[in-house]
Amino acid sequence: MGLGAGLRAVKRRSLTRASVAVAVAAGLALVGACGGSDKDDEGDGGLAVGVLLPGGGASRFGQFDKPLLVQQLKRLCPDCPAPTVAATSDPAVQRQQIESMITRQVDVLILAAVDPQLLRPSVEAAHRADIPVVAYDRLAQGPISGYVTFDGATVGRLQGEALLKAMDGEARGEQIVMMNGATTDPNAGWFKRGALSVLEGKTEIGKSYDTVGWRPENAFMNMTNAIAALGAGDIDGVLAANDSLAGAVVAAFNAAEVRPLPPITGQDADLAGVRRIVRGDQYMTVYKPFEPAAGAAAKMAVALGRGESVDSLASGTVDSATTEDIPAVLLPSVPVTVGNIKDTVVKDGMYTIDQICTPELRSACVKAGLN
């Protein structure tokens with residue numbers, strides 16, 4: 001699903017929520033990915049929050065979002081039980097995880113949906129059980145009560161502007177490849193449209209791919225095909241939608257023994273992506289400060305769990321394909337190139353210089369002022 005359906009308008013703040021229907025039927029399967037305790041209605045000490053993420057471990061969601069969400073929830077509700085956290089990249093498994101949390105009668109869910117469209121029945125089931133859902137990072141379908149994300153149009157524009165700058169300004173007559181995200185992620189269409197708003201009419205788009213599942217192996221295959229079809233010497237830049245795809249693009253160029261590499265964009269400021277920027281293999285990434293996002297989502301979740309309105313927390317509203325006037329917080333992003341790594345991701349404590357500057361990158365780090 002593209003953002004044409006998923007995010008049709010950003011409006012001034014207003015909140016219209018449907019009345020609660022009958023509770024969801026019990027007996028849903030409990031999956032092992034979830035922990036935590038059953039719902040306890042005795043004040044804030046019983047406020048149970050479920051957190052569902054589309055990745056864990058080394059992904060940005062595992063490294064940054066999960067600990068920050070847990071930390072922010074604990075700060076806002078110190079007497080509440082630890083949130084129930086589950087992570088998976090499989091939408092079927094995420095449906096089971098949501099069903100498990102409904103069975104456990106959590107008070108509120110924070111959901112970063114693997115597949116917003118396929119998760120719609122689960123969001124509807126939570127709504128029937130009187131469990132509000134805060135969509136996190138990705139706009140899920142169904143009766144969502146709040147939404148926190150980074151402004152995707154801005155992300156795409158930052159990538160497009162950086163790519164044009166790296167190709168010496170207007171870049172007329174030059175040719176690029178677009179390695180977009182998955183069509184099942186509404187943010188991917190948002191990023192794509194933001195980039196095209198800058199790129200169209202300024203450069204020729206030789207190939208454009210929607211990367212199935214955001215999977216690097218698919219991006220590698222697509223980039224390999226683009227090199228074969230267009231010719232390595234005729235690719236002047238690559239707009240890769242995130243750092244994982246950028247890494248796959250670099251790998252495809254390396255496999256084809258292409259030197260020098262054309263400028264390549266990214267997103268998320270992954271450690272591997274930042275290191276590629278220092279090395280000179282990737283031109284830029286988009287840094288999205290995750291702490292404000294986690295803080296906004298935690299505030300919405302606690303307010304909704306207490307039965308309060310989130311109007312005052314939202315900066316506006318958005319429409320999804322199924323729900324209008326969802327209170328939303330749209331956060332800004334920051335472009336990162338080799339010249340401002342120290343003043344962005346290092347200054348904010350996302351990474352230390354020692355983490356970025358491996359022994360093989362020491363000389364490049366000194367050149368970049370990372371010492």
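How many bridges join β7 to strand β8 (residues 204–210)? In this predicted model, β7 and β8 run parallel and are joined by 6 bridges. Within this pairing, M178 stands opposite S208 of β8. The connection between the two strands passes through a helix, and β7, α6 and β8 together make a right-handed β-α-β unit. Strand β7 also pairs with strand β9 (residues 237–240), again in parallel, through 4 bridges. Here V177 has V238 of β9 as its bridge partner.

Strand β7 spans residues 175–180, and because 6 of its 6 residues are buried, the strand is largely enclosed by the rest of the structure. In a regular strand, side chains alternate between the two faces of the sheet. For β7, one side carries Q175, V177 and M179 and the other carries I176, M178 and N180; all of these are buried, and both faces are thus covered.

A comparable description applies to strand β5 (residues 133–136), whose two faces are also covered. V133 and A135 lie on one side and V134 and Y136 on the other, all of them buried. Strand β4 (residues 108–111) runs parallel to β5 and is joined to it by 3 bridges. L109 has V133 as its bridge partner in β5. Helix α4 (residues 120–128) completes a right-handed β-α-β unit with β4 and β5. Strand β5 further pairs with strand β6 (residues 146–150), in the parallel sense and over 3 bridges. The bridge partner of A135 in β6 is Y147.

Aromatic contacts were examined next. The count comes to 3 aromatic pairs. A pair of aromatic rings is described by the distance of the centres and the angle of the planes. The rings of F64 and Y351 have centres 5.9 Å apart and planes at 75 degrees; since an angle over 60 degrees counts as edge-to-face, the pair is edge-to-face. This pair links distant parts of the chain, with F64 in helix α2 and Y351 in the loop between α11 (342–346) and α12 (353–356), 287 residues apart. F64 and Y351 are both buried. The rings of F150 and F290 have centres 6.4 Å apart and planes at 85 degrees, so this pair is edge-to-face. F150 belongs to strand β6 and F290 to helix α10, and the pair links distant parts of the chain, 140 residues apart. F150 and F290 are both buried. Ring pairs link F64, F150, F290 and Y351 into a cluster.

Pockets were also located. The largest pocket holds about 840 Å³ of space and is lined by 33 residues, of which P54, R138, G213, W214 and N242 lie nearest its centre. Two or more lining residues come from each of α2 (60–76), α6 (186–199), α7 (216–230) and α9 (271–279). Helix α2 gives the most, with 3 residues. By class, this lining divides into 12 nonpolar, 11 polar and 10 charged residues.

The second largest pocket has a volume of about 200 Å³. Its lining consists of F64, L68, Y287, P289, F290, E291, D348, G349 and M350. The elements that give two or more residues to this lining are α2 and α10 (290–305). The lining has 6 nonpolar, 1 polar and 2 charged residues. F64 and F290, which line this pocket, also belong to the aromatic cluster.

Notes. Residues numbered from 1 in each chain as written. Predicted model: local features only at pLDDT ≥ 70, side-chain atom pairs only at ≥ 80, totals over all residues. Heavy atoms only, no water. Buried < 20%, exposed > 50% of the residue type's maximum accessible area, 1.4 Å probe, protein only. Pairing = 2+ DSSP bridges. Right-handed = clockwise from strand over helix to strand, strands pointing away. 1 Å grid on protein atoms, 1.4 Å probe; cavity = no way out; pocket = protein on both sides within 12 Å on 5 of 7 lines; lining within 4 Å. Points joined across faces, edges and corners; volume = space filled by probe spheres on them. Nonpolar A, V, L, I, M, F, W, Y, C, P; charged D, E, K, R; others polar. Phe/Tyr/Trp six-rings, centres within 6.5 Å; stacked < 30°, edge-to-face > 60°.
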